[in-house]
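Thanks for coming, everyone. Let me put the structure up, and then I'll walk you through it.

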Amino acid sequence: MPMKNGEIADQFDLVADLLEFQGENPFRLRAYRNAAMTLRDLTEAVASIVQTPERKLTDIPGIGKDLADKITTLVTTGQLPLLVELTAKVPPSVLVLLRVPGLGPKKAAVLYNELHIGTLEELRAACEAHRVRDLKGFGEKTEQKILEGLSHAATTDVRIYWAKADEYVQALLTYLRGCPEIAQVEAAGSYRRRRETIGDLDLLVVSTEPGVVMDHFAAYEGVVDTIARGDTKMSVRLSGGLQVDLRVVPAESFGAALQYFTGSKGHNVILRGRAKSAGLKINEYGVYRGEQSIAGRTEEEVYAALGLPLFPPELREARREFEWAAAGQLPGLVALEDLRGDLHMHTDATDGKSTLEEMIAAARERGLEFIAITDHSKRVTMANGLDGTRLRQQWAQIDKLNAKLQGISVLKGVEVDILEKGGLDIPDDVLAEADWVVASVHYGQNQPREQITRRIVDALKNPHVSAIAHPTGRILNRRKSYDVDLDAMFQTARDYGKLLELNANPARLDLDDVACAAAKNYQIPIVISSDAHSTLGLDVLRYGINQARRAGLTKADVANTRPWDEMRSLIGKK
Ligand code: DGT
Ligand code: CA
Ligand code: CA
Ligand code: ZN
């Protein structure tokens, strides 16, 4: 399989991190970090450029001769000699030290070189034994600060995006399935429940030869460290820091183990209680009456033994799933195939990377029946946002294209900014000509609750606005939500017949699962949108579907499962 842009970008980021750790000059690091960013945003696979003789990597902005050579080497050999050289000096696992607040690359390197500290546990032990204070440039105060920082680092341990975890999982499953001693392998835990972020991976393997399986696992190229190994379970760390727990179980316990290790903990606690009241016992090996096992081979039979349906993993969060099961009303969850349209995307008229024509062609290839082009409005100066005149020009172009297009309708849309002082960034007479208008907050995100809520509520009341995009503005691991009053937003959306977006970008997933479920209680239709800034960006819809399923949304709850003609009547457009 050719290397993906994201994989190449990861390698470059790792190079930059390791160079930084080794005290290399900042300009050199920045070149690698910038290249990684460029690659992630690129719509075309660089591997295919490498394999096309008449193409040149140096035509990509920001990729010079040196980086082009490195990409070529990586794509053709699968390895970067520079990275091999760097990791020989410093194992990538040491980079966890940089997560401790106040511990920069220089000090971390001293800790590693002088005291051979490579993990947070070792760092804590060394501080507690007062071995850190005597190092050159440290002292008692620094040691104390590191100890304080450590408790912070432990609790804010970065959870990776589900989308990223999925890349690791797919590669691991492919690798493990190549082992002849493995009869079955499945990823459980929060990954299987499709949580938006993942703490660690939990893999489950059916085999009669645990030792052979674990040797095979340890030999995986992504493994940098074995954290623990027992008779049937093992934990490793991958380069990049992610921990993977692997358990080997016999076939007759696979269903029980899969159920147990899928969790969530809260869901399992309720399950155990129900077993107990039925005079049964449940654990990762099976369901037991006395000493006798009555279920264990499949999850379905495990749940059935307790009089319960097979819950979709996304619903196993100890929220309302048991209540729904008791009423025989587990929702039939929405699926990716149900989506017919995508109503939020950008082109190179603003900050998108692809042209209007490219976006349309890519949407059609993906089987979408309708799309809305929603470029930014002028307030977003960084993105070269459109004013009324440029918008109308784009819409005229869309009208022209639509006349010739078959199999897909392109809607005239805009992502209009909700201004800091309130009001919209595009005049009403222009908005009136649009098929679809999403309004969003990009500026003044730190305003007090009342002010930001008023802006959003007023936008919902504008007759031309169809929906609010990324309604809370959070970016996972990076930016908190605005302090918006969700109930006020929901109430207004319902009163004015407006929709709310579930932005499917894996870093946003906004509204989140809990808010989507709340919106459903208000009977507000949710629209799942990609917010694509390139043709490849259209592929994120599946992450939105994950989140919608966790919210218990059905096909009927998601507006863009309808044909556009029906959807249009939802938003009161002729
Ligand atoms: P994560 O890794 O933080 O994203 O979240 P999970 O849910 O994958 O949690 P993890 O990896 O600690 O454990 C995987 C599953 O194993 C968890 O969802 C339920 C089960 N499990 C782990 N520890 C316990 C426990 O103490 N009690 C119960 N009932 N189940 C547990
Ligand atoms: Ca886990
Ligand atoms: Ca785990
Ligand atoms: Zn957007």
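I'll talk about the metal ions, then ligand 1, then the sheet.

A bit of housekeeping before that. This is a predicted model, so local features need pLDDT of at least 70 and side-chain atom pairs count only at pLDDT 80 or more, while totals for chains, interfaces and linings use all residues. Residues are numbered from 1 along each chain as its sequence is written, chains are lettered from A and ligands numbered from 1 in the order in which they are written, and side-chain values use heavy atoms, with hydrogens and water left out.

Okay, the metals. What coordinates the calcium ion that is ligand 2? Asp200, through O and OD, and Asp202, through OD, at 2.2 to 2.6 Å. A donor here is an N, O or S atom within 2.8 Å of the metal (3.2 Å for Na, K and Ca), and since water is not among the atoms, sites may look incomplete.

Why is the arrangement around ligand 2 called irregular? Because the six donor atoms around that calcium ion subtend angles of 69 to 168 degrees. For the cut-offs: four donors are tetrahedral if all angles lie between 85 and 135 degrees; four are square planar and six octahedral if opposite donors are over 155 degrees apart and all others between 65 and 115; anything else is irregular.

Now the calcium ion that is ligand 3. Asp200 (OD, listed twice), Asp202 (OD) and Asp245 (OD) coordinate it at 2.3 to 2.7 Å. Along the chain, its donors follow the spacing D-x1-D-x42-D. That brings distant parts of the chain together: Asp202 is in strand E4 (residues 201-206) and Asp245 in strand E7 (residues 243-249), 43 residues apart. Helices (H or I, at least four residues) and strands (E, at least two) are DSSP runs, by the way, numbered from the N terminus.

And the link between the two ions? Asp200 bridges ligand 3 and ligand 2, which lie 3.7 Å apart.

How covered are these aspartates? Asp200 is partly exposed, at 24% relative accessible area, whereas Asp202 is buried at 13% and Asp245 is buried at 10%. Buried means under 20%, exposed over 50%, and partly exposed in between, with a 1.4 Å probe and protein chains only.

Next, ligand 1. Of the 16 residues around it, Arg159, Ser190, Arg193, Gly199 and Asp200 come nearest; being near means having a heavy atom within 4 Å. So Asp200 turns up here as well as at both calcium ions. One oxygen-to-side-chain distance is 2.8 Å, to an N or O atom of Arg159, and another is 2.5 Å, to Ser190. On the nitrogen side, Arg272 has a side-chain N or O atom 3.3 Å from a nitrogen of ligand 1.

Last, the sheet. Seven strands make an open, parallel sheet in the order E11-E12-E13-E14-E15-E16-E17. Strands pair if DSSP finds at least two bridges between them. At the edges sit E11 (341-342) and E17 (526-529), each pairing on one side only.

Let's zoom in on E14 (residues 436-440). Five bridges join it in parallel to E13 (residues 409-417), with Glu415 partnering Val438. Two more parallel bridges pair E14 with E15 (residues 467-468), where Val438 partners Ala467. Between those two, the chain goes through helix H19 (residues 449-461) in a right-handed β-α-β crossover, meaning clockwise from the first strand over the helix to the second, with the strands pointing away from the viewer.

Is E14 buried or exposed? Five of its five residues are buried. Trp436, Val438 and Ser440 are on one side, with Val437 and Ala439 on the other.

Definitions and conventions:
Polar contact = N/O pair within 3.5 Å; in protein donor to acceptor, adjacent residues only side chain to side chain.
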